[in-house]
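Me: Please take a close look at the enclosed and open spaces of this model, beginning with the largest cavity. I am new to this structure, so a careful, connected account would help.

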Amino acid sequence: MEQVRVRIAPSPSGNLHIGTARTALFNYLYAKKNNGKYILRIEDTDAERTSQEYIDNIFDSLKALGLSWDEGPDVGGEYGPYTQSERFDIYPKYAQMLVEKGFAYECFCTPEELEAEKEEATKNKQAYVYSKKCENLTEEEKEKLRAEGRKPAIRFSVSKAQKAFHNSSMLKFNDLVKGELHQDMDLIGDFVIMKSNGTPTYNFAVVIDDMLMKISQIIRGEDHISNTFKQILIYEALGAEIPQFGHLGMILAPDRSKLSKRHGATAVSEFVEKGYLIDALVNFVALLGWSPSDGNEIKSVDEIAQDFRIGELSASNSIFEYDKLNWMNSQYIKKLSLEELKERLKPFLEKYDLSELTEEQYSRMVEVTREPLTILSDITDAVPYFFGENVEIEESVKTDVLAAENSKKVLKEFVERAKNWSFDEETLHHKLEEFRGFFKEQGIKPKETMWAIRAAVTGRTRGADMCAILAILGKDKVIKRVNQCL
RNA sequence: GCCCCCAUCGUCUAGAGGCCUAGGACACUUCCCUUUCACGGAGGCGACAGCGAUUCGAAUUCGCUUGGGGGUACCA
């Protein structure tokens, strides 16, 4: 296949999952690296589980991730429509074609009959394979069943395909990331390709769509490996060219189970709401399975694309640990310009009245509080003392710091002196230095001196640079708070 | 149960027979810087799942065992 065409095909039965995001990323990277096209297709054959809300979420998240698609439901393209529910009229034709070629047949079995077969198999400790009892139904028998009101599903005949295209029962393909994979076709039961309600099953719809959309490489999670064998059989029966497959390890939770809500966020949008930067998220997720050749792990999508080789991806599963994500997010926060950071922080400062601060004061506040931020939402608890007249004093601060005799001495002296200071940072810096020196001679450590002031003004023992805090708050508020404390 | 995939520090990984007394990153930890927290800097701790086989030589090849994951639907 000359043109590289890859796709991401989420099914809108939930918000865009972080695992799907990673699959999307690797497809995007592959397309980028190979000058190919990257296509978005919505797989909504199961009407029960799809909702517009999820579709919107998937679009928004994918866009936010910066993985823009060349063809898709919204932007269109040569091979549309790109939403499976809008393609329902094209699947029956191909199913019919397979029936005519003898690679598929109508099946009238009821769910109960099928269930019984399955139970029988488990009882005998055998792999369940459909009995094929409908494969050789005569026209009369079919008519009779139809007359009973039964609606047939269409099943793919694995044995027919095997006879037509293979010498042995071993089906093999060369996976882009895992190497040679194989499966005994005798263990693949005749699977349904068209449901009795006339809609295609997943395995059938994907093949038809990927074929028609000329997809050249299919990169997806390894939970699809078993589907791949079925799909290869369909391609062969259709006489279509078989694309290359690449199966990625899965993302697991720290307890090695599937990543789910009980482990925290799973959707990209949830991470964003929590204060993760989308660039950090993408970078982090890329590192699950891929590693940079130069050892520098902080990289943009474009940089990763240059360095991306699908064969070098890890074949194993990887565990999603927050530690590294957090570190990475903090690195990306550090790289943000002050202006950008000021904007991004606003959603997390809604509980405060930002109008209390001038633009300059807000800038300075962000500047002096940004250092320890891991996620944007950390700002919420980092800045309460910049707002309001009074300040809430932490219990431990009251008992440990403020109760100390030295603290009272320091604070009294502070009020006396500060009255005459000009509250700009430069002056404060010098004055406080003098101030510390004054107490040091009396045997009070600089640290203690500063703690007393910090405790009285912010109610805490830790926080941003003291001079900046004092300057932003201004003389009146500072003295008021200290007096109140005394 | 049956089938498939995977297996290097706690985690993400480098490593494609000798360059490995196994390298990096995160986490943890020690020290330094410092008016606090943090940031930053310099160190430290820490792994080839087990057993066999091939080979002069194996983390790297093969087999078995164990462990983990996935699939087993008229879900996708």
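Reply: The largest cavity of this predicted model has a volume of about 50 Å³, a volume being the space filled by probe spheres set on grid points joined across faces, edges and corners. A cavity here is a set of points on a 1 Å grid over the protein atoms alone where a 1.4 Å probe fits but cannot get out, and lining residues have an atom within 4 Å of a point. Ile 18, Ala 21, Arg 22, Leu 25, Leu 65, Leu 67, Val 268, Leu 281, Val 282 and Val 285 line the largest cavity. Two elements, helix H1 (18-33) and helix H10 (278-286), give two or more residues each to this lining, and H1 gives the most, with four residues. Helices (H or I, at least four residues) and strands (E, at least two) are DSSP runs, numbered from the N terminus. By class, the lining of the largest cavity holds nine nonpolar residues, no polar ones and one charged residue; Ala, Val, Leu, Ile, Met, Phe, Trp, Tyr, Cys and Pro count as nonpolar, Asp, Glu, Lys and Arg as charged, and the others, Gly among them, as polar.

Searching the whole structure gives two cavities of 30 Å³ or more, and the second largest has a volume of about 30 Å³. Its lining is made of Arg 22, Phe 26, Leu 248, Gly 249, Leu 288, Gly 289, Leu 313 and Ser 314, so Arg 22 appears in the linings of both cavities. In the second largest cavity, the lining divides into four nonpolar, three polar and one charged residue.

From the cavities we can turn to the pockets, a pocket being an open set of points with protein on both sides within 12 Å along at least five of seven lines. The largest pocket contains about 1,300 Å³ of space and has 41 lining residues, among which Ser 11, His 17, Thr 20, Asp 223 and His 224 lie nearest its centre. Strand S1 (5-8), H1, helix H7 (202-212) and strand S8 (217-221) each supply at least two residues of this lining, while the largest share, four residues, comes from H1, the helix that also gives the most to the lining of the largest cavity. The lining of the largest pocket has 13 nonpolar, 16 polar and 12 charged residues.

The wider layout helps to place this pocket. Chain A is divided, by an automatic or database domain assignment, into domain 1 (5-87 + 251-319), domain 2 (91-248), domain 3 (336-386) and domain 4 (395-485). Domain 1 and domain 2 each give at least three residues to the lining of the largest pocket, whereas the centres of domain 2 and domain 4, taken over C-alpha atoms, are separated by 76 Å.

The second largest pocket has a volume of about 270 Å³. Of its 16 lining residues, Tyr 128, Gly 189, Asp 190, Phe 191 and Lys 230 lie nearest the centre, and the elements that give two or more residues to this lining are helix H4 (111-123) and helix H8 (225-238). By class, nine of the lining residues of this second pocket are nonpolar, three are polar and four are charged.

Residues are numbered from 1 along each chain as its sequence is written, and chains are lettered from A and ligands numbered from 1 in written order. In this predicted model, local features need pLDDT of at least 70 and side-chain atom pairs count only at pLDDT 80 or more, while totals for chains, interfaces and linings use all residues, and side-chain values use heavy atoms, with hydrogens and water left out.
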